[in-house]
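Dear colleague,

I am passing the structure on to you below, together with some notes on what turned up in it. Please read the notes with the coordinates open beside them.

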Amino acid sequence: MLYDAHLHADGYPAERRDELLRQAFDAGVAGVVAVSMGAASCETNRLLAQRHPGRVMPAYGHHPEQPALGEEELSRLCAWIRDRAGEPFAIGEVGLPYYTRKEAEAKGEPFDEAPYVRQLERFVALAAELGRPIALHAVYEDADKALDLLERYRVRKAHFHWFKGGESAVRRMIRSGYFVSLTPDVLYEPEIRELAAAYPLELLMAETDGPWPFEGPFAGRTTEPSMVGDVVREIASLRGLDVREAERTIAANTRRFYWE
Ligand SMILES: [Zn+2]
């Protein structure tokens with residue numbers, strides 16, 4: 001049994017989404033977490049979840065690698081999310097704009113991170129208020145900023161998707177029982193392979209971040225949720241585990257984190 005813990009289902013052409021999901025379910029994927037880019041994406045993922053009940057877990061938020069929302073839009077989105085009480089959902093994809101910030105800094109442009117931190121704080125507070133899991137995009141030094149907020153609001157269920165970062169953040173995340181997920185680049189990225197071998201198995205999930213394209217053995221292929229099978233096999237091989245055992249544990253982790 002497999003789960004794709006982080007998928008941009010609405011990043012695929014509209015006419016292909018349901019087929020993509022059906023193919024994934026036929027290929028042994030039990031469920032996918034459909035993270036949102038923003039308000040419109042939240043609506044789309046909510047409808048996908050209604051069409052695939054129990055198998056598509058929507059996550060609602062505003063992706064950080066795009067302009068932060070103004071106060072009014074942010075309040076409107078948070079209110080929309082609160083109105084979903086009674087429905088299954090998580091908060092995400094939210095976090096901090098690492099790549100946008102680095103790009104600006106490389107060009108010598110000023111970058112004001114404050115509105116992004118304020119935005120993340122609202123989503124972290126909302127996750128704590130509603131008792132929902134939160135899917136985070138917070139890598140390298142941004143992980144520590146996200147951890148400060150998660151600790152301040154005592155968030156219990158936090159998932160750092162496609163995590164990359166230093167040892168001190170990793171130690172802090174493990175101490176708090178926070179999860180990380182690995183993408184297909186675990187087959188070819190040395191720093192991700194190291195993380196896959198070192199992070200506690202009971203805090204690991206597998207994801208594709210599809211339709212994000214991968215390299216190595218995946219070059220030129222459309223990213224599909226069933227690629228989490230390759231991720232799980234690689235984790236097992238890196239840790240010297242039986243594939244079935246790794247699959248069972250990682251599936252149980254994901255189910256417990258998002259579905260229970
Ligand atoms: Zn993503």
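In which hand, left or right, does α1 pass α2 in their crossing? Before I answer, please keep in mind that this is a predicted model.

The crossing of α1 over α2 is right-handed. Helix α1 covers residues 17-26 and helix α2 covers residues 39-51, and the two pack with their axes 12 Å apart at an angle of about 45°. Because the angle has that value, α1 counts as oblique to α2. On the α1 side the contact is made by R17, D18 and L21, and these meet T44, L48 and R51 on the α2 side. Sorted by class, the residues of this contact are 2 nonpolar, 1 polar and 3 charged.

One residue of that contact can be followed a little further, namely D18, which sits in helix α1. With a relative accessibility of 18%, D18 counts as buried, because the limit for that class is under 20%. If its neighbours within four places in sequence are left aside, D18 is in contact with L48, R51 and H52.

A second helix pair is α5 with α6, whose axes come within 10 Å and cross at roughly 35°. Here too the crossing is right-handed, with α5 passing α6. From α5 the residues V117, L120, E121 and V124 take part, while α6 supplies A146, L149, L150 and R152. The contact of α5 with α6 comprises 6 nonpolar and 2 charged residues, with no polar ones.

I then turned to the charged side chains. As a general matter, side chains of opposite charge can pair when their charged atoms come close. In this model there are 22 salt bridges, and I describe a few of them here.

The salt bridge between E113 and R101 has its closest N and O atoms 3.5 Å apart. This pair links distant parts of the chain, since R101 belongs to helix α4 (98-106) and E113 to the loop between α4 and α5 (114-130), with their positions 12 residues apart in the numbering. Both E113 and R101 are buried. The two also belong to a network of salt bridges that links R101, K102, E105, E113, E141, D142 and K145.

For D144 and R172, the closest N and O atoms of the salt bridge are 2.9 Å apart. Again distant parts of the chain are linked, D144 lying in helix α6 (residues 141-152) and R172 in helix α7 (residues 167-176), 28 residues apart. How buried or exposed are the two partners, D144 and R172? D144 has a relative accessible area of 24% and is therefore partly exposed, whereas R172, at 14% relative accessibility, counts as buried.

A further salt bridge joins the side chains of E234 and R193, at 2.8 Å from N to O. E234 is in helix α9 (residues 228-239) and R193 in helix α8 (residues 190-198), so that this pair, 41 residues apart, also links distant parts of the chain. In this case E234 counts as buried, because its relative accessibility is 16%, while R193, at 26%, counts as partly exposed.

With best regards

Terms used: Residues numbered from 1 in each chain as written. Predicted model: local features only at pLDDT ≥ 70, side-chain atom pairs only at ≥ 80, totals over all residues. Heavy atoms only, no water. Axes fitted to C-alpha atoms, helices over the stretch in contact; angles between N-to-C directions. Helix = DSSP H or I, 4+ residues; strand = E, 2+ residues; numbered from the N terminus. Parallel < 35°, antiparallel > 145°, perpendicular 65-115°, else oblique. Left-handed = near helix turned anticlockwise from the far one by under 90°. Contact = heavy atoms within 4.5 Å. Nonpolar A, V, L, I, M, F, W, Y, C, P; charged D, E, K, R; others polar. Salt bridge = Lys/Arg side-chain N within 4 Å of Asp/Glu carboxyl O. Buried < 20%, exposed > 50% of the residue type's maximum accessible area, 1.4 Å probe, protein only.
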